[in-house]
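This briefing concerns selected features of the structure shown below. The points are grouped by topic.

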Amino acid sequence: MLVQAAENFSLVVFFLFITLFLFKKPHQQLRIYDKLSIGFIQGIFGMCSMFIAIEISKNTILDFRQLALILSAFFGGFPSAILTSFFLGMHRLFFVNGFNEISIIGTISILVQGIGLGLISTYVYRVFYKWILLIGYSLLISNLTFLIVLEDNFSHILIYFSSFILFGGVISAIVYDLFKAINTKLQANNTTARLTSIFETTENEKVYRKVLEEIMHFYNCEFGSIMLAHGSLYKIYCTLEQGNYNIADYILREGDSESTKVFETNSPLVFSNWNYKPPNGKLEKRLVNEGILSSMHFPIIYKSKVIACINLGSLTPFHFTKKQLEYTCNLNSIISFGFTLLDSESRFKTITQSTQDAIILADQHMRIISWNKGAKTIFGYTKEEAMGQDVNIIVPDQFKEAHNSGVERFLQGEESKVIGNTLELKGVNRNGIEFPIELTLNKWKTGGVYFFSSIIRDITSRKNAEASLLESEERNRKLIELSPDSICVYQGGKLIFANDKAATQIGVQTKDLIGTDSLQFLAPEYHERIKELIRKLNNEKDSFSNEEIAILRVDGKKHYYDVSASLVHFNSKPAIMTTFRDISERKAAKQQLQEANQLLKKLSNLDGLTSIPNRRFFDEKLDNLWKESIESHQPLSLIFCDIDFFKEYNDTYGHLQGDECLKIVAKTLLEAINDTEYNVARYGGEEFVLLLCNTNTQKAKEVALDVMNKIHSMQIPHSSSKIKDIVTLSMGIATMRPKLNISQSDLIDRADKALYIAKSGGRDRYFTFNNNLNPLI
C-alpha cells in the first residue's frame, strides 16, 4: 500500500511539473489551445492514476482522479476542467466499469466537479482561497457521491478518501508554491542580468522600451508605463499596452494619476482589485475602460530620491500582490543605476553634441575615444575618421614633438602645467590649415589608466576681432589727440582721461587735470543742471548733446562750451565721455546780433520824431490784444487823438516848432496813461492813438478826460487856434468786446467816426461812439 501511495504521489509531482514547465502564465492569459492542452495532460494524469490506484477493500480503491480535476481547473480554468472531466468520465464508462448505475453516477459526479471547479478557478483570483475552494468543492461532491452509491460501512472510506485527496491537494499546493518561488527567483536573476546588458549595450533611445518589456515579462502583465520626475513635475515618458509601444511624453497635472504618490512617499503602491478599490486618477479611469483590473506602482530610488516610477497593469484581479514587492527591491538597484547613468549620458551627449566647441576624449596612448559634432565642425574630420586616431592629427607639425614629450613626462609622474589650465595654442584642420585655438585640458584615472578630456574653441574670429579692436583703438586714440574739441572721460565723479585740447582750454597741464572733480571748473550756476543731466544719463542709459555750459579757466576767464555726453565703457567699467566745443566767440557774436536785432526792431516800431511807438507797432499791438480779448471776453477801448488846428500852428510857428509841439504832446500822453495795459502810439501827422486793454467805455472816458486836462495844463501857446489860445485835443472813443465774427477795422472805424463828431462839435472835447446795434459798455 505504501508503494502504491508513493507511486501515486510521484505521478502527481510528475504531471504537476510538466504543467508548471509548459504553462507558466495564469490561465486568464493563456490561449484556448493552451487551456485545452492542460485539460488533456491532466486527463491523462487522471486516467493513469486509475491504473495505480490504492486498494482499500475488495470493492473500494483510492486514486487521484479528483486531484487531476483540481489541477486542471487551477492551471487551465473552465475549458481545461471540462475537458479533463470529460476524459475521466468517458474512461470510466468505456474502459473501467462499463455502463451501469454506479458508473453513470460517478461520471455525472466528475462532470459536476469539472463544471464547479472550472467556475471556481475562473472567478476566484487569490491563490490561497482558490486552493481551499477547489479542494473543498471536490471533497464535497465526491463525498456526496459516496453517500449515494455506498449503502453501508462508508464512513471509513470517506475518511480515507478525504485524507488522501486533502493530502494530495496540500502537497500540490506546496510544490506549486515552491516552484513559483524558485522560478520567480531565477526569473529575477535573469531579468537583472538582462537589464544590466540592456544598460550596457542598448542605444539610449531604446533603453526605456527594453526595460519596460523586461519588467512586464517578469510580472506577466499586459500594461506598463514609465513615469519620470522633472523637478516638481512628473511626466509619463513611454507606455507599452499589449505589445504596442508609444513615446507619450505627457506632463501629468494634479489629479491625473494616483501613482504620483510614490514620489512623495518613496513607497510602492499596489491596487490588487480595481473592481473593489480602483485608483482615483483620470488616467486610471481610462485604463478601467480598457480592462485593467489590478496594478502595481513601484518607485525607482537613487540616493534616497525617487527618480522614476514603473506602473504595471493586469487584466486579472489580484495579479499583483504585496509579496511580489519583495522582488522590486532587487530590481530597483540596477534600474535606478541604469536610469541615472542613462540620464547622465543623455545630458553629456546633449551638451557635447549641442556645443560649438570641440570636446575630445583620449586614452593615455593619446588615441581618440570620443569626438563630438563641434570637433567635426572645427577640424573637419568625421567621427568615423577620428575615432582611434592619434590626437596628433590636430596638432601642427612644429608642435608635435613638444606635445608627445609633454605627455610622456606626465605619464612618468612629472607634474603638468597644461592640465587644468586654459591655453591659447595653434591647431590644424583636415586641410592642413593652422588656426588659433583655446584649449582646456583635464585628466581622470580609472582602473589605473589615465584618460584625457579637452575642450577646444576656434578663436580665429576673436583674434581677428582683437586685432581690429587694437587698430580701432589706435585710430581712436589718434583722433582724440588730434581732435579740435576737448574730450574728457569721467568715472565715479572723477576725471580719468583728458586730451591735450581739454588741458589747453582750462589752462593747465594734462596730468594736472586727471583726478579732478567733474564740477571743479564748471561755473556755479550750471552745477545743478549738469547734476540733473548726469542722473538722467545713468538712470535712462541715454545721452545728451548741445548743452550749453560755462567753464572757469584757471586765469579766471569764463568760456562758454557746447557739451555732449554719453555712457561708455572705459577699462571695462562704466564711464561718461564728454565732448566740449568752445562757443565763446560764437556766443559773443550771437549776443551782438541779438542786441542789434532788438535795436533794429525797436527802431522800426518807434516814431522817429516823438520816440513813441509808431503806426506799425499799433497795428501789431491791436492784433495781439484783439485775440487776447476774444479769449478773455474782456472789452477793448480805442481813443483817437487829434491836435486841433495843427496846420495853422505850423503856419504860425513854423515846422520846427510844430515838431516840438508833437514831442510835448507825445510825452504828455505817455505820462497820462501810466498803466501797463495801456498803449500810446503816433498814428500819423498830428494824430495819436490810445489802446486800452480790459477797459470799458466809462473808464475810457476817464482816461480821455485826464489826457485833456494834462494837455491843458501844459499851456502850449497856440495863437492861431479858433477855440483857445493854447494847444487842445479832440478825441473819439470806441469800445467793443471782440468776437470772432467782428473785425478790428470796426473798432478803428468807430473811433474815427467818434473823432469826426468831436471835431465837428466844436473841438477840445471827446465823443464816444454809440448806436443801437452796439450798446455802450
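**Strand pairing, helix packing and selected residues**

Strand β16 (residues 544-552) and strand β17 (residues 558-570) run antiparallel and are joined by seven bridges. The model is a predicted one. The points below begin with this pair of strands and the sheet that contains β16 and β17, then turn to a surface patch and two individual residues.

**The β16-β17 hairpin**

- β16 and β17 form a hairpin, with five residues between the two strands.
- Within the turn, Gly556 has a positive phi of about 90°.
- Ile549 has Tyr561, in β17, as its bridge partner.

**The sheet around the hairpin**

- The hairpin strands belong to an open sheet of five strands, arranged in the order β15-β14-β18-β17-β16 with antiparallel pairing.
- β15 (494-498) and β16 stand at the edges with a single partner strand each, so each has one side without a neighbour in the sheet.
- On average, neighbouring strands of this sheet are turned by 35° against each other, direction ignored.
- Ten bridges connect β17 with strand β18 (residues 573-582), and this pairing is also in the antiparallel sense.
- In this part of the sheet, Leu567 stands opposite Ile576, which is in β18.
- Helix α17 (residues 527-540) packs on the sheet and touches β16, β17 and β18.
- The direction of α17 makes about 145° with that of β16.
- As general background, strands of a sheet pair through backbone hydrogen bonds, in either a parallel or an antiparallel manner.

**A nonpolar surface patch**

- Leu166, Val170, Ile174, Leu178, Ile182 and Leu186 make a nonpolar surface patch of about 540 Å².
- One of these residues, Leu178, is found in helix α6 (residues 155-201).

**Thr668: a buried position**

- Thr668 is located in helix α21 (residues 655-672).
- The relative accessible area of Thr668 is 3%, and Thr668 is therefore buried, the cut-off being under 20%.
- When residues up to four places away in sequence are not counted, Thr668 touches Lys710, Ile711 and Met714.

**Asp746: a partly exposed position**

- Asp746 lies in helix α23 (residues 744-760).
- With a relative accessibility of 33%, Asp746 counts as partly exposed, because this class lies between the limits of 20% and 50%.
- Met736 is ten residues from Asp746 along the chain, and the C-alpha atoms of the two residues are separated by 8.9 Å.

Technical notes
Residues numbered from 1 in each chain as written. Predicted model: local features only at pLDDT ≥ 70, side-chain atom pairs only at ≥ 80, totals over all residues. Heavy atoms only, no water. Patch = residues over 30% accessible without salt bridge, like charges linked within 9 Å, V, L, I, M, F, W, Y side chains within 5 Å. Areas by Shrake-Rupley, 256 points an atom, 1.4 Å probe, with all protein chains shown as cover. Salt bridge = Lys/Arg side-chain N within 4 Å of Asp/Glu carboxyl O. Helix = DSSP H or I, 4+ residues; strand = E, 2+ residues; numbered from the N terminus. Buried < 20%, exposed > 50% of the residue type's maximum accessible area, 1.4 Å probe, protein only. Pairing = 2+ DSSP bridges. Axes fitted to C-alpha atoms, helices over the stretch in contact; angles between N-to-C directions. Contact = heavy atoms within 4.5 Å.
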